[in-house]
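Me: I would like to understand the reasoning behind the labels people attach to a model. Could you take me through some of them for this one?

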Amino acid sequence: MEPLYQTILNDLKNQITNGSFPPGSQLPTEKELSDTYEVSRITSKRALTELEKMGLIERTRGKGSFVKEQTPQKTTTKRILFLLPFSNDLSLGNFSAGLFPVLQREGFEVMMTNFDYLTSHQANDIVQEFDGMIYYADDESQYLDLLYDLSFQQFPIVALDKQLHDLSLPTILSDNFAGGKVACDHLIESGHRRIAYIFGNSHPPQSTRQRYLGYIHSLKEQHLSFHTTLEDQQANPDHLLEYITVNEITALVCENDLVAIESMQVLKQGGFELPQQLSVVGFDDIQAASLVDPALTTVSQNFKQIGALAGEALMDWIRTGQQPESQKVAVTLITRHSTKELLTND
């Protein structure tokens, strides 16, 4: 249910748009609105204040609120801004393979750049130069002020990888929870009972936390009591070997392929045979995953489909003016040589 002030705001905005209140005409006063809608003066005042912020009216103390003459809307630029944190980050997938064909089919050019662009441009600059934006959410707290400004101006933004709950932007992302579960399910089916989850840093992002919860869910379904806690986070030589030995770990689910590959190197240097003594599963299916020894079992994200869905959602938003829904994309377990059935001595 929408707030009461929003109801008043939408009604007035529609009447301004359809000409019921033409430019220069006076809107009802705060008191008249509060009487009509049976709300407080504070509520009616907020509706008028929001209309003023949107540039639809101007308010003069002692005189009232008047509809402003509207400047023509900006013409379509046929350009989309595609923002990634780092263009050479190996942990990011190839979204472009799915995204670019969709946008090009609709006649849109794409400017792909990194976050430095946001530090040197204001929201108004972006609105004038582009029709929409695809934004890879590397950190949920970054650029919130600018993103909020763009959202306030109803500028179409589709996020990738992480949901920005503070802004309610539509997001296209992998089903990370299901990914963590399928990785752990595979190890359990192979006979493993003491499975650790390995984090790569002390502040795991939203996607990694979802994978971790999927791992926990898998263990709970099978009534297995052991699991890695959030305090046992960092895969580093000082702690990993000791943690595995003390806890009698036989398998690892790693937050991504880079962490898995680093962990495998540490384990081999520590004298472990892989996968005979330890099975390892990664996440992302980066190119290096199939090239390491042993080749890494991993959970693959369909980056091409994510890119295509993001492009289609953005095109629909620009075409219809209606914000699309968020979507989760299924993941796939790719079994290679870093995992095997656990041999027990019966």
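Reply: Happy to; below, each label is set against the rule behind it, and please keep in mind that the model is predicted.

Me: Let's begin with the cysteines. How do you know how many disulfides there are?

Reply: A disulfide needs two cysteine sulfur atoms within 2.5 Å, and by that rule the count is zero. Take cysteine 184: the nearest cysteine sulfur belongs to cysteine 254 and is 12 Å away, so cysteine 184 is in no disulfide, given the cut-off of 2.5 Å. Seen from the other end, cysteine 254 has the sulfur of cysteine 184 as its nearest, 12 Å away, and is in no disulfide either.

Me: Why is cysteine 184 called buried, and what about cysteine 254?

Reply: Buried means under 20% relative accessible area. Cysteine 184 has 0% relative accessibility, so it counts as buried. Cysteine 254 has 1%, so the label is buried there too.

Me: What makes strand S11 "largely enclosed"?

Reply: Five of the five residues of S11 (residues 297-301) are buried, so the strand is largely enclosed by the rest of the structure. Thr297, Val299 and Gln301 point one way, Thr298 and Ser300 point the other way, and all are buried.

Me: Which strands pair with S11, and how do you know that they pair?

Reply: Two strands pair when at least two bridges are found between them. S10 (residues 279-284) is joined to S11 by four bridges, and the two run parallel; within that pair, glycine 282 has threonine 298 as its bridge partner. S11 also pairs with S13 (residues 331-334), again over four bridges but in the antiparallel sense, and there serine 300 stands opposite threonine 332.

Me: Now the six-stranded sheet. Why are S4 and S12 said to stand at its edges?

Reply: The sheet is open, with the order S4-S3-S5-S6-S7-S12 and parallel pairing. S4 (109-113) and S12 (327-329) each have a single partner strand, so one side of each is left without a neighbour in the sheet. Neighbouring strands here are turned by 20 degrees against each other on average, direction ignored.

Me: What makes S3 and S5 a pair, and what packs on this sheet?

Reply: S3 (residues 79-83) and S5 (residues 132-136) share four bridges in the parallel sense, where at least two are needed. Leucine 83 stands opposite tyrosine 135 of S5. Helix H12 (residues 303-320) packs on the sheet, touching S3, S5, S6 (157-160), S7 (171-174) and S12, and its direction makes about 165 degrees with that of S6.

Me: Where are the cis peptide bonds you would point out?

Reply: One joins leucine 274 and proline 275, with omega about 5 degrees; proline 275 is found in the loop between helix H11 (257-269) and S10. Another joins aspartate 293 and proline 294, with omega about -5 degrees, and proline 294 is found in the loop between S10 and S11.

Me: Why are serine 168 and glutamate 248 called exposed?

Reply: Exposed means over 50% relative accessible area. Serine 168 comes to 51%, so it counts as exposed. Glutamate 248 has 56%, so it is exposed by that rule. Serine 168 lies in the loop between S6 and S7, with a positive phi near 55 degrees. Glutamate 248 is found in the loop between helix H10 (237-246) and strand S9 (251-254), and its phi is also positive, near 55 degrees.

Me: Last one: how do you know that the buried residues of helix H3 are on the same side?

Reply: The buried residues of H3 are Thr43, Ser44, Ala47, Leu48, Glu50 and Leu51. They cover an arc of only 155 degrees around the axis, which puts them on the same side of H3. In general, an α-helix has 3.6 residues a turn, so residues three or four places apart point the same way. The face of H3 turned away from its buried side carries the exposed residues Ile42 and Lys53. Among the elements covering the buried residues of H3 are helix H1 (4-17), helix H2 (30-37) and strand S1 (57-60).

Me: And what supports the span of H3, and what comes after the helix?

Reply: H3 (residues 41-53) has 13 residues and reaches 18 Å from its first C-alpha to its last, close to the 18 Å expected at 1.5 Å a residue. H3 is followed by glycine 55, whose phi is positive, near 80 degrees.

How values were computed. Residues numbered from 1 in each chain as written. Predicted model: local features only at pLDDT ≥ 70, side-chain atom pairs only at ≥ 80, totals over all residues. Heavy atoms only, no water. Buried < 20%, exposed > 50% of the residue type's maximum accessible area, 1.4 Å probe, protein only. Axes fitted to C-alpha atoms, helices over the stretch in contact; angles between N-to-C directions. Contact = heavy atoms within 4.5 Å. Expected span 1.5 Å × (residues − 1). Arc of directions from axis to C-beta.
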